[in-house]
Amino acid sequence: MKERGGSRAAVDERYAQWKSLIPVLYDWFANHNLVWPSLSCRWGPQFEQATYKNRQRLYLSEQTDGSVPNTLVIANCEVVKPRVAAAEHISQFNEEARSPFVKKYKTIIHPGEVNRIRELPQNSRIIATHTDSPDVLIWDVEAQPNRHAVLGATDSRPDLILRGHQENAEFALAMCPAEPYVLSGGKDKSVVWWSIQDHISGLGDSSKSETSPGASGSKHSKTANEKDSPKVDPRGVFHGHDSTVEDVQFCPSSAQEFCSVGDDACLILWDARTGTSPAVKVEKAHGGDVHCVDWNLHDVNYILTGSADNSVRMWDRRNLGPGGAGSPIHKFEGHKAAVLCVQWSPDKASVFGSSAEDGFLNVWDHEKVGKKKNPNSPGGLFFQHAGHRDKIVDFHWNSSDPWTIVSVSDDGESTGGGGTLQIWRMSDLIYRPEDEVVSELETFKSHLASCTPRA
């Protein structure tokens, strides 16, 4: 546990301290124990709104030891609305239990472990997965039959298979917000770009036939189906990295522009309109492997990278000149181990989150850099989620439910197996404008005074 910055006892003590602060720090919090770790977690579509909570799909996976198949899990999640949950309720939970807010809806038997899940913004029932193979698998989660994950069960049949990598592509995966395009990076040092425009319109019909009783029962028909998954060849293969590509991301406003990062410590910007060589290459973007990248939805000039050097860096693409000139606008130093995931908030342009092997999920606001109130805290850091006791492998902001985050840790180091899924929303007193918060607290104070029984 050295990378966690302390002994098991220190981690437990820190966790106990955090747990006692839940009623103060959070508007809502749910803890869900996972028997098998999930290496990815993503929000799907919201499908029901009620008075006190909304229901929404959640995409997870089960990375097993081989005694049962690896699976892609579609869950239904109840997201409690702001200012509904009682403080004493959110802090009373059993770490070993499943949450009543998360219910498994459908299981897909995945060919190999699920390393990454990404959803298609234009069609929320279409998701892509990466496993330890060169292919990207595309699934229509509503049309896929629900499977029983028992040893010996045949794999579910992907709705599409995207071909183009020469070696395994395990983590780098993105879907385009502007058009139905998919991007992937792999050990072959390449970035591969596909359009699935012509394929997704007919997906629902072709896969529904598989749910007929005859098709799902026989082992033979499954094997035949495996061969039937349509294959899609790439629109382009992009070369410029000198090592494994770890993450990729589209420019939110364009299907033709994207970026990638890798174990060569480079950040590369690509423009498919000008060819398959880098448009801009930033050498030594970090002092170590670069694990993750994200492009700002609200201001397409800003890009974030996170690295094995424990830092997050923010780049302005207008400053990244030819020849890789340019340095980050900010370096965010608050993690004590490798950063695994970065993501801009969909709710406020200057806010983003970062999660790391140190078990923390930090929430930053780059507009707060230089306006330090606490000299001991890193510039820009305004919230630290300390509910996980092992490395946080993925998290996702909820675009349907402001300031709500799902995060997942792989607990192999701390408890020898399994994982922890947490869904949480920090108290709005933490991020709202200070004058607004002070005025609300003053009103509350005078309300309390008026309620005090007279002597």
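1. A word to start with: pLDDT is the predictor's confidence in each residue, on a scale from 0 to 100. You will need it here, since what you see above is a predicted model. Residues 1-5 have a pLDDT that stays under 50. For that stretch, the model has 18 contacts beyond four places in sequence. Residues 205-226 also fall below 50, and there the model shows 27 contacts beyond near neighbours in sequence. Please keep both stretches in mind as you look around. For the protein as a whole, the average pLDDT is 90, and 91% of the residues score at least 70.

2. Next, the annotations. An unreviewed UniProt entry lists "repeat: WD" at residues 238-280, 283-316 and 332-365. What share of residues 238-280 is strand, and what share is helix? The span is 47% strand and 0% helix, with its end C-alpha atoms 13 Å apart. Residues 283-316 come out at 53% strand and 0% helix, and their end C-alpha atoms lie 15 Å apart.

3. UniProt has another feature for you to find, again from an unreviewed entry: "domain: Histone-binding protein RBBP4-like N-terminal", placed at residues 13-80. This span is 18% helix and 54% strand. Its end C-alpha atoms are 29 Å apart.

4. Now pick out a sheet. Four strands form an open sheet in the order β15-β16-β17-β18, and their pairing is antiparallel. Which strands are at the edges? They are β15 (245-250) and β18 (280-282), each of which pairs on one side only. From one strand to the next, the twist averages 15°.

5. Let us zoom in on β15 within that sheet. A hairpin of six residues joins β15 to β16. The two strands run antiparallel, and five bridges join β15 to β16, which covers residues 257-262. You can check the register yourself: Q249 stands opposite C259 in β16, and F250 stands opposite F258 in that strand. Is β15 mostly covered or mostly open? Mostly covered: six of its six residues are buried. As background, side chains in a regular strand alternate between the two faces of the sheet.

6. A further open sheet of four strands has the order β23-β24-β25-β26, with antiparallel pairing. Why is one side of β23 and one side of β26 left without a neighbour in the sheet? β23 (339-344) and β26 stand at the edges with a single partner strand each, so one side of each has no neighbour there. Here the twist averages 20° from one strand to the next. Inside the sheet, β24 (residues 351-356) pairs with β25 in the antiparallel sense over five bridges. One example to look for is S355, whose bridge partner in β25 is L361.

7. Aromatic rings deserve a point of their own, as the structure holds 22 aromatic pairs. One of them is W28 with F101: their ring centres are 5.3 Å apart and their planes stand at 90°, so the pair is edge-to-face, a label used for planes over 60 degrees apart. This pair links distant parts of the chain, as the two residues are 73 residues apart. W28 sits in strand β1 (residues 26-34), whereas F101 is in the loop between α3 (87-90) and β5 (102-109). W28 has a relative accessible area of 1%, so W28 counts as buried. F101 is partly exposed, because its relative accessible area is 22% and the buried label needs a value under 20%.

8. Another pair to find is W397 with W403. Their ring centres lie 6.0 Å apart and their planes meet at 75°, so this pair is edge-to-face. Both W397 and W403 are buried. You can also look for an aromatic cluster formed by Y15, W18, Y26, F29, F93, F383 and W424.

9. Finally, a residue at the surface. Where in the chain is K373 found? K373 lies in the loop between β25 (361-365) and β26 (381-385). Its relative accessible area is 69%, so K373 counts as exposed. If you would like a distance to try, take K373 and E119: they are 254 residues apart in sequence and 38 Å apart in space, C-alpha to C-alpha.

Methods: Residues are numbered from 1 along each chain as its sequence is written. This is a predicted model: local features need pLDDT of at least 70, side-chain atom pairs count only at pLDDT 80 or more; totals for chains, interfaces and linings use all residues. Side-chain values use heavy atoms; hydrogens and water are left out. Two strands pair if DSSP finds at least two bridges between them. Axes are lines fitted to C-alpha atoms, for helices over the stretch in contact, and angles run from 0 to 180 degrees between N-to-C directions. UniProt positions are given in the numbering used here, feature names are shortened, and annotations may be inferred rather than shown by experiment. Contact means heavy atoms within 4.5 Å. Rings of Phe, Tyr and Trp (its six-membered ring) pair if their centres lie within 6.5 Å; planes under 30 degrees apart count as stacked, over 60 as edge-to-face and the rest as tilted. Buried means under 20% relative accessible area, exposed over 50%, partly exposed in between (1.4 Å probe, protein chains only).
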